[in-house]
Amino acid sequence: MSGHESSYTPTNGFTKWLDKRLPIVRFANDTVVTFPTPKNLNYWYTFGGILAVCLAVQILTGVILAMHYEPNVNGAFASVERIMRDVPFGWLLRNIHANGASMFFFAVYIHMFRGLYYGSYKAPREVLWILGCVIFLLMIATAFLGYMLPWGQMSYHGANVITSLFGAIPLVGESLQTWILGGPSIGNQTLQRFFSLHYLLPFMIAAVVILHIWALHVPGNNNPTGVEVQDVEKDTVPFHPYYTLKDSFGIVLFLIVFAYFVFYAPNALGHADQSIEANPLVTPAHIVPEWYMLPFYAILRAITFDLGPIPAKLLGVIFMFAAIAILFVLPWLDTSKVKSMRYRPVARQFFFGFVAVCLLLGWCGASTPSNPVFPALQGEDALVVSYTQDGVEATSTYKGGGEAYVDAKRFMDGLPEDASPSLSAVPAPAFTFSQLSLILTFCYFGYFFILFFIGLTEKPKELPESIHKSVLKRHKATSATTAPAE
Amino acid sequence: MKAFRILAAGLAGLSFAAMAHAEGGAAHPHEPEGGWPFEGAFGQFDLPSVQRGYQVYREVCSSCHSMKLLSYRNLGEQGGPFFDPEYPNPNNNPYVKALAADVEILSPTPNEFGDYDFRPATPADQFKSPFANENAARAANNGAAPPDLSVIVKARHGGASYIYSLLTGYPHEDAISTREVTPAVVTTPASDNGTPDDPTDDIAEVTTPAVIQTVIDVSKVHIAGHDAAEGEHGEAGLLIQPAGQYYNPFMAGDTTPQYEGDPRHAPPGGFLSMGPQLLPDRVTYADGTEATPEQMAHDVAQFLAWASEPKQTNRKSLGLPVMIYLGILTILLWFSYKRVWRKIEH
């Protein structure tokens, strides 16, 4: 599983015997002890280890929660509350598991942005990147399935929105949706299969994580310079103890943030409607997914127009899935030979723009599409009197402050009796979240296409000769600035 | 470049701040004066208040609202309002036993003959539900089933402050009046079904009896943080309460259809089927606390906050050692990391 030569020598009779039959000790030694790792990895690179911890925590707490959970529409909601109330430390397990999902996504997004910034998707690491995208896709599926299980209002109505997306697929959509739900609508059978799959997928994630690490260990780590390892002696350090310790430090810092949410703000990342038991007859005022899905939700809702024969709903679904699918082909969209954005002055600007676009898409996903983006710039609502005159419907609009209302009222009183006037407030036209989402959606996809052209024209900065040289150069620079002070 | 990064960071902060902001047409719930004792990293429940809150629930709320996720034993568990260290098992706690026995329930298990008897509750029993099922609850309450209160504080934006604001937020009686409205005479042209000689549709005028409406003078409703269209151009709005419903500025909803006045200044909030419940001295507190509406709302909101998460005390008390442990571990790992890497230029 590791691309470097093994330096393991069995020391006693048993390990010699075992090494000839199943070289598992050699394997472990080569993978996590002697594995040569570039010496210039910064803290952004600790998120790989953090994610491994997240997965382990989710599986461990999840297995125990499953012992107490009741996958039944009549008992699911109460059983989750029973876990919080009557199971010893059940409140802790459940808070860890629920907030753990948020922490997992927080870490995976940083891990992905790190990969984008340092060009970790480029040759020879394309397969590594694609496996990472598969893990991300499985994570989204797992999180969505898991969100169903507490059987709250958002569980039910969120699942309704997402499964209806499959119904938008032409020809097979409706059958596909029925097949996924196990019936014409969400019911007990849906909850049970979601529970079953929610238990299955994490183990599939774990399997792909093993492939991901395998694909990492063949070419070795990328690093902030994007320059490949040339001299193992000078450019790298063994994984243990150097990176086991650095990663552990990063992991513990991350756990402090994690613990803050678990112990002091366990419900801060959730939605209040999740504490209302699912009721198919009452739809929540605003259906919103968990925060980590919001950018994709915004893309889904951004498309409000039909394109030729494609209805808006299907187009939204296509764009939402394309937002993830495009990551799979990114290694071939980016034409630049230079990996790290450190040496790509133009692409780097676009990268930071892309991060901002993703965050703003999240904001759009959380907001009501018809609301104005800048309420402060919103003009005053107009008053519209609707009435019928000689059998024809007519309207009269009044703008302004209180006097507009007086005028409208006077106009209504002056109308003949059979006019049946009614007064309503119509918001002034404004720049809405729906429009912002559409712009941002094009920016999101635009980033990937612009990378193609930047790569062809951009003049990169001079690359360091090697990892070793870049480290020395940086040290010289810092000692030069500190020297006069001595 | 720098400016661009600062801009990106600013936008990031803005979007997170905006995400945290909850939407809704209702007035923003406010805390009681002095805040909640259970908030913050070290906050604990004020147990005498939670005890009084149980009394308010028992004597007022429980006639309509169930709390199905709670059992009487919960009242005597560690962190609960009637916990007694002498009785670590709440089923033995005589006070909790007495509180349970105060309620007569239909036994959930059959007797030796297979019949279901009425009997006094035991600490192991669930809180008694006022209605046999949701349909019964709906039928008895004008079509709106009163929500279960077990996790109500977790289930509403604003939590305990929402409960407190809602219970104390009904408009003052000075703002409420009634008026008699004679609906406009509906004139139907004779013979409009096309058969000129049909006597059944020759009724030229349909008169409906006068209706008594309850109206609220919005200029007399004071909501913190909301500026009412107070008498602007002499036109103070009136809010017409639908029959059997009550206006509350903290209830989610839309008042525009019921508002007589400038629709752009319709008051926040909505209508709910529950009228004001906590009138002065609705309960008599054993500890001599004066039962003002604010006091009762404060106590019952705190009781419901406890009921929504009875393990909150355990959560916070475990949080501190965990944080200290992680803090020490961070320091140790930092020094180990620095020591191991000291000879490596990186």
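Confidence within chain B of this predicted model ranges from a lowest mean of 53, in helix α1 of chain B (residues 2-20), to a highest of 97, in helix α6 of chain B (residues 293-308). Over residues 17-24 of chain B the pLDDT falls below 50, and this stretch makes ten contacts in the model beyond near neighbours in sequence. A further segment of chain B, residues 229-234, also stays under 50 in pLDDT, and for this segment the model has twelve contacts beyond four places in sequence. Taken over the whole of chain B, the mean pLDDT is 85, with 82% of the residues of the chain reaching 70 or more. For the model as a whole, the scores are an ipTM of 0.90 and a pTM of 0.91.

Chain A comprises 486 residues, of which 38% count as buried, and its secondary structure amounts to 17 helices and five strands. Along the principal axes, the C-alpha atoms of chain A fill a box of roughly 105 × 60 × 55 Å. Two domains are assigned in chain A, domain 1 spanning residues 35-366 and domain 2 spanning residues 379-426, and the C-alpha centres of domain 1 of chain A and domain 2 of chain A are separated by 51 Å. As regards the contacts of chain A, among those between residues at least 6 apart in sequence, 78% join residues that are at least 24 apart.

Conventions:
Residues numbered from 1 in each chain as written. Chains lettered and ligands numbered in written order. Predicted model: local features only at pLDDT ≥ 70, side-chain atom pairs only at ≥ 80, totals over all residues. Helix = DSSP H or I, 4+ residues; strand = E, 2+ residues; numbered from the N terminus. Buried ≥ 20, exposed ≤ 12 C-beta atoms within 10 Å, placed from the backbone. Contact = placed C-beta atoms within 7 Å. pLDDT = per-residue confidence, 0-100. Domains from an automatic or database assignment.
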